[in-house]
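Colleague: I should like to learn how to read a structural model step by step. Would you guide me through one?

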Amino acid sequence: MKTIIVFIITILMLTSMAYAAESMIWGNMLIGNILSYGTKDSLNMGPLFTILQSQYFRNIFLVIVIGVPAVFLMHYLVLGARFFSHDGKKVYVFSLFNRLIHLLAAISFLVLIPTGLMMIFGVYFGGGPLVMTARHLHGLATALFFLAVIPMFFFWVADMLPTVDDIKWIAIFGGYLSRKQSEVPAGKFNAGQKMWFWIATLGGIVMIATGAAMYFQDFNLGIASAFGLSQIDLLRASAIVHNIMALLITALFITHVYMSLFAVKGAINSMITGYKEEQELKYLHSSFYRKLKAQNKI
Ligand code: HEM
């Protein structure tokens, strides 16, 4: 029995030594990685990463998760929600496939954002197994988001290209700073929705790539060396980019949910049934409405 245990331990040690020799972080690479902290021949990613990670990211996240909902609460209390008649015609705008893929994206984000925040504020959750579970759920939800983001990009990209309406929409903040019901210049999607689309899809793909790098950590795809980076610096760069994008995406996600659930009453129905109220299109997507009228689709 003793011989078997010694044999197993020896095999495990040899395997881990072989693995360490192949490792991009540990083993032979470890000394070099430590020495390159902050030296001129590395990109000085070490000190930059340490300062951002220890002093800035957590505080900025706190400002976003408290500040953005607070601004929208004020908006809701002062200017209130928009109502549109439900007695008029309804127009079919989102296919079942659009809605199912969107649902997949929504579910993945409802896991990604809380678990991401749990990692950022891990110290307040006591670290350990709870935060590790959050980390694995974050990885799982990333895979789900990956399934959603590719089709979503392709079925909406044509409607998301910039138009002159977008400049006019931005100039009046989409009409959201006034109580007056007037026609807002926008096609099927307005400038705010387009911005969300590009950040959520292209930004989402950057999040997947940088997130995967941090999740798997020790791999060699030749990416780091192609840019003259050590593996540790590649991970630091991934963490910096991932955090900055996450700040932006979290702020826009809260905005998207506020617009869909609170700012425009009943807007969520379009993502459930596929239909939008004629009045909502007439006022909030006036160019699209005129186009549909001209084509006798309303
Ligand atoms: C709980 C989460 C979510 C809710 C309640 C929600 C709700 C909605 C609603 C109601 C619409 C239709 C808006 C309209 O045209 O009137 C919409 C559209 C859209 N959603 Fe979401 N959504 C959620 C999550 C997401 C996520 C995670 C993504 C992307 C990763 C996403 C991307 C989009 C895009 C690109 C559109 C089209 C442009 C826009 O309307 O903003 N949504 N969503």
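Modeller: We shall go from the overall fold to the interior and then to the ligand. Please keep in mind that this is a predicted model.

Colleague: Which secondary structure elements does the chain contain, and what pattern do they follow?

Modeller: One begins by counting helices and strands and then reads their order. Here the chain has 12 helices and two strands. Along the sequence their order is α-α-α-β-α-α-α-α-α-α-α-β-α-α.

Colleague: Is the chain spread out or a compact globule?

Modeller: For this one compares the radius of gyration with the value that the globule rule gives. The chain has a radius of gyration of 24 Å, well over the 19 Å that the rule gives for 298 residues, so the chain is more spread out than a compact globule. Along its principal axes, the C-alpha trace spans about 80 × 40 × 40 Å.

Colleague: Into which domains is the chain divided?

Modeller: The division gives domain 1 (1–35) and domain 2 (44–294). Their centres, taken over C-alpha atoms, are separated by 42 Å. Contact between them involves six residues of domain 1 and seven residues of domain 2. The side of domain 1 that touches domain 2 comprises three nonpolar, three polar and no charged residues.

Colleague: How should I read the interior, and what share of the residues is buried?

Modeller: One looks at the buried residues and then at the nonpolar cores. Buried residues amount to 22% of the 298 residues in the chain. The largest nonpolar core has 15 residues, of which Ala105, Phe145, Ala148, Val149, Met152 and Ile249 touch the most other members. At least two residues of this core come from each of α4 (96–120), α5 (128–156), α7 (191–216) and α9 (231–263). The largest share, five residues, is supplied by α5.

Colleague: Which residues does Ile249 touch?

Modeller: Leaving aside residues up to four places away in sequence, Ile249 touches Ile199, Ala200, Gly203 and Met207. Apart from this core lies another, of nine residues, including Val184, Phe189, Leu281 and Tyr289.

Colleague: Finally, which residues come nearest to the ligand?

Modeller: One reads a ligand site by listing its neighbours and then their classes. Of the 20 residues around the ligand, Ala106, Phe109, Gln193, Ala200 and Ser260 come nearest. Two or more residues of the shell are given by each of α4, α7, α9 and α10 (268–273). By class, the shell has 14 nonpolar, six polar and no charged residues. Ala200 thus appears twice in our reading: Ile249 touches Ala200, and Ala200 is among the residues that come nearest to the ligand.

Terms used: Residues numbered from 1 in each chain as written. Predicted model: local features only at pLDDT ≥ 70, side-chain atom pairs only at ≥ 80, totals over all residues. Core = buried A, V, L, I, M, F, W, Y, C linked by C-beta atoms within 7 Å. Buried ≥ 20, exposed ≤ 12 C-beta atoms within 10 Å, placed from the backbone. Helix = DSSP H or I, 4+ residues; strand = E, 2+ residues; numbered from the N terminus. Contact = placed C-beta atoms within 7 Å. Near = placed C-beta within 6 Å. Nonpolar A, V, L, I, M, F, W, Y, C, P; charged D, E, K, R; others polar. Domains from an automatic or database assignment. Rg over C-alpha atoms; globule rule 2.2 N^0.38 Å.
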